[in-house]
Amino acid sequence: MKGTIYGVLGMLIVCSLRCGTSVEPFEIHRGTNISHWLSQSDRRGEARRAWFTESDVQLLDSLGFDHIRIPVDEEQLWTPDGEKEAEAFELLHAALDWCAEYGLSVIVDLHILRSHHFNEIERPLWQDSTAQDRFVQCWRDLSDELKDYPVSMLAYELFNEPVAEDADEWNRLYQRALGAVREQEPNRMVVVGSNRWQSVDTFSELEVPQDDPNIILSFHFIRPCP
């Protein structure tokens, strides 16, 4: 498996709000995170291409996993001018195709923006309307690229561990991004996490659209247990 780091997705607690639809459901049970590939990594070219390959997907399938989560960063998939990085999108499509071949589902997670890193003190996303527009555009781009994959195989996670001072800031922004996805994909399952590192403590502050059954709610719980 080379040096790939797989963080077990036990930290991603989900509950589906799907109800009464003829669309084949997106179901996940045992998954793992594909870290430091298209996110949180300086690797490019052959080093990035070799970090995660079809053989890794084959191994994960043999180990009994039924899905993977692929974090992606803005700086990897888009230039500073907002143009798509063709090679990075090629790698993402390749991973999705491998997963389809081996029967694994996928969550594509927009992990880090140029305007927001969950562990940085400065997060311009919340004050800069241009940065907020850019976040929404990222999801228009991703939806346009990935819309043809089956809804039973692929879901989107709008953002990893948002850290806004006020939960309402996150509620307003994520609903804009969700709206961008829904322009083309009304049935796509979309993962939405709670504010401030997807904390269980802020889960009750997450506002959930009552008319959208295709949402998965997520919180992260990574504290040591007593």
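# A colleague's note on this predicted model

1. Let's start with one small detail: the backbone nitrogen of N214 sits 3.0 Å from a polar atom in the side chain of D212. Please keep in mind as you read that this is a predicted model. To find D212, go to the loop that connects α7 (195-198) with β8 (215-219). The side chain of D212 also makes a polar contact of 2.8 Å with the side chain of R182. If residues within four places in sequence are set aside, the contacts of D212 are L178 and R182. Is D212 buried or exposed? D212 counts as buried, because its relative accessibility is 10% and the cut-off for buried is under 20%.

2. Now turn to the nonpolar interior. In soluble globular proteins, nonpolar side chains tend to be buried together. Here the largest nonpolar core has 54 residues, and the ones that touch the most other members are I70, L92 and F135. Which helix gives the most to this core? That is helix α4 (residues 86-102), which supplies eight residues. The model also has a second, separate core of seven residues, among them F26, A155, M189 and I216.

3. F135 is a good residue to click on if you want to see packing for yourself. Not counting its neighbours within four places in sequence, F135 has contacts with L110, L113, L125, L158, F159, W170, L173 and A177. Try showing these side chains together with F135 and looking at them from several angles.

4. Next, have a look at strand β6 (residues 154-157), which is covered on both faces. L154 and Y156 are buried on one side, while A155 and E157 are buried on the other. A155 is also one of the residues in the second core.

5. How does β6 pair with its partners? Strand β5 (residues 105-112) runs parallel to β6, and four bridges join the two. One place to see this is I107, whose bridge partner in β6 is A155. β6 also pairs with strand β7 (residues 190-193), again in the parallel sense, over two bridges. There, Y156 stands opposite V190 of β7.

6. Between these strands the chain passes through helices. From β6 the chain crosses through helix α6 (residues 167-182) to β7, a β-α-β crossover that is right-handed. Helix α5 (residues 129-146), together with β5 and β6, also makes a right-handed β-α-β unit. Follow the chain slowly through each unit on screen, and the handedness should become easier to picture.

7. H111 belongs to strand β5. H111 is buried, because its relative accessibility is 5%. Which side chain makes a polar contact with the side chain of H111? It is the side chain of N160, at 3.5 Å. Beyond its neighbours within four places in sequence, H111 is in contact with S39, Q40, R69, P71, V72, D73, F118, F159 and N160. F159 appears in the contacts of F135 too.

8. S194 lies in the loop between β7 and α7. With a relative accessibility of 0%, S194 counts as buried. Leaving out residues up to four places away in sequence, S194 touches P162, W170, S199, T202, F203, L206, S218 and F219. Where does H220 come in? S194 and H220 are 26 residues apart along the chain, yet 8.5 Å separates their C-alpha atoms.

9. Two residues deserve a second look for their backbone angles. H36 has a phi near 55°, which is a positive value in a residue other than glycine. H36 is placed in the loop between β3 (31-35) and α1 (45-51), and its relative accessible area of 27% makes H36 partly exposed. E161 likewise has a positive phi, near 50°, and is a residue other than glycine. E161 lies in the loop between β6 and α6, and it is buried, with a relative accessible area of 9%.

10. Finally, a word on cysteines. A disulfide is a covalent bond between the sulfur atoms of two cysteines. How many disulfides does a search of the whole structure find? The search finds zero. Among the cysteines you can look up, C99 is buried at 0% relative accessibility, and C138 is buried with a relative accessible area of 0%.

Terms used:
Residues numbered from 1 in each chain as written. Predicted model: local features only at pLDDT ≥ 70, side-chain atom pairs only at ≥ 80, totals over all residues. Heavy atoms only, no water. Core = buried A, V, L, I, M, F, W, Y, C linked by side-chain atoms within 4.5 Å. Buried < 20%, exposed > 50% of the residue type's maximum accessible area, 1.4 Å probe, protein only. Contact = heavy atoms within 4.5 Å. Pairing = 2+ DSSP bridges. Right-handed = clockwise from strand over helix to strand, strands pointing away. Polar contact = N/O pair within 3.5 Å; in protein donor to acceptor, adjacent residues only side chain to side chain. Disulfide = S-S within 2.5 Å.
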